[in-house]
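Here is a set of questions and answers for someone meeting this structure for the first time. Each answer works toward the value or name asked for.

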Amino acid sequence: MIIAIDGPAGAGKSTLARALARRLGYLYINTGAMYRAVAWKALQEGLSLEDEAQMGALAADSLIELKGAPDDLRVMIDGRDVTSEISLPEVGKAASIISTISTVRRALVARQREMGAMGGVVMEGRDIGSKVFPGASVKIFLDASSGDRSRRRHRQDTRSGVSGSLASTKAEIEERDRRDSTRLDSPLIKSEGAHYLDSSGLSIDEVVALALDLVVEAQSGRS
């Protein structure tokens, strides 16, 4: 099966996707990490993030690989492990900018389709159910209140040693929401046939249980 999980920043997509992939023995694909890898490379090379032609060529020419188990996913670009580097706030901000560029999205969507073509994957991002795999076996749109999402992201940043206030995290989340929902190419939407899950106030175990129910239901329908 192909399981697609979409939703806004901080909704818990990565946590849910990793848990599902672990439970099902599936490949976990974090598409956001792919955009971050391209953004990291652009920053390293001192390129203009707004130069569409340059960013599109960079994305198309870069070899991006995701390796390892769901709980130890390593992100590689051109053979270099950049897992730690792409978690930095400045890389996240750069990824938010380049993800609005159509040429970048086309290059990475093609790669994502290759990675998931054989099935047995849990893929998370912002356009998986609407653009990458609209025919996915299970499509989930994971959401949460902006307050919950900001607190989760702030805790994650703090654990990673990144300093910053909750207010600044909330502002960054809201700006990312604006970019994701208003971009012309593949804006963040709940795709047709997607199940809406609101994780506000729920534990990860509760969210995983709800998602697994949807997977079991889909498997029953295919048998």
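The questions below concern a predicted model.

Q: What is the strand order of the open sheet with parallel pairing?
A: This open sheet has 5 strands. Its edge strands are β2 (27-30) and β8, each of which pairs on one side only. Neighbouring strands of the sheet are turned by 20 degrees against each other on average, direction ignored. The order is β2-β6-β1-β7-β8.

Q: How many bridges join β1 to strand β6?
A: Strand β6 covers residues 121-125, and β1 and β6 run parallel. Within this pairing, D6 stands opposite G125 in β6. The number of bridges between β1 and β6 is 5.

Q: Which residue in β7 stands opposite I5?
A: β1 also pairs with β7 in the parallel sense. That pairing runs over 4 bridges. Opposite I5, in β7, stands I140.

Q: How many of the residues of strand β1 are buried?
A: Strand β1 spans residues 2-6, and both of its faces are covered. On one side I2, A4 and D6 are buried, and on the other I3 and I5. The strand is largely enclosed by the rest of the structure, because the buried count is 5 of the 5.

Q: Which residue in β8 stands opposite D143?
A: β7 and β8 pair in the parallel sense. There are 4 bridges in this pairing. The residue opposite D143 is D198.

Q: How many residues apart in sequence are the parts that the aromatic pair ties together?
A: The structure holds 1 aromatic pair. F141 and Y196 form this pair, which is stacked, at 6.1 Å centre to centre with 15 degrees between the planes. F141 lies in strand β7 (residues 138-143) and Y196 in strand β8 (residues 195-198), so the parts tied together are apart in sequence by 55 residues.

Q: Is F141 buried or exposed?
A: Buried means under 20% relative accessible area. The relative accessible area of F141 is 9%. F141 is therefore buried.

Q: What is the relative accessible area of Y196?
A: Y196 counts as partly exposed. That class lies between the buried limit of 20% and the exposed limit of 50%. The value for Y196 is 43%.

Q: What is the strand order of the open sheet with antiparallel pairing?
A: This sheet has 3 strands. The edge strands are β3 (64-67) and β5 (80-81), each pairing on one side only. The order is β3-β4-β5.

Q: Which residue in β5 is the bridge partner of M76?
A: Strand β4 (residues 74-77) and β5 run antiparallel. They are joined by 2 bridges. The partner of M76 in β5 is D81.

Q: What angle does the direction of α2 make with that of β4?
A: α2 packs on the sheet that contains β4. In doing this, α2 touches β3, β4 and β5. The angle between the directions of α2 and β4 is about 45 degrees.

Q: How far apart are the end C-alpha atoms of helix α1?
A: Helix α1 (residues 13-24) has 12 residues. At 1.5 Å a residue, counting one less than the number of residues, the helix should span 16 Å. The distance between the end C-alpha atoms agrees with this, at 16 Å.

Q: Which residue just after α1 takes a positive phi?
A: The buried residues of α1 are K13, L16, A17, A19, L20 and A21. Just after this helix, a phi of about 70 degrees is found. The residue that takes it is G25.

Q: Which elements are included in what covers the buried residues of α4?
A: In helix α4 (residues 89-98), the buried residues are V91, G92, A94, A95, S96 and I98. What covers them includes α2 (31-44), α3 (52-61), α5 (102-116) and α8.

Q: Which residue joins its side chain to that of D180 in a polar contact of 2.6 Å?
A: D180 is placed in helix α8 (residues 166-182). With 0% relative accessibility, D180 counts as buried. Not counting residues up to four places away in sequence, D180 touches S99, R126, P187 and L188. The polar contact of 2.6 Å is with R126.

Definitions and conventions: Residues numbered from 1 in each chain as written. Predicted model: local features only at pLDDT ≥ 70, side-chain atom pairs only at ≥ 80, totals over all residues. Heavy atoms only, no water. Buried < 20%, exposed > 50% of the residue type's maximum accessible area, 1.4 Å probe, protein only. Polar contact = N/O pair within 3.5 Å; in protein donor to acceptor, adjacent residues only side chain to side chain. Contact = heavy atoms within 4.5 Å. Pairing = 2+ DSSP bridges. Axes fitted to C-alpha atoms, helices over the stretch in contact; angles between N-to-C directions. Phe/Tyr/Trp six-rings, centres within 6.5 Å; stacked < 30°, edge-to-face > 60°.
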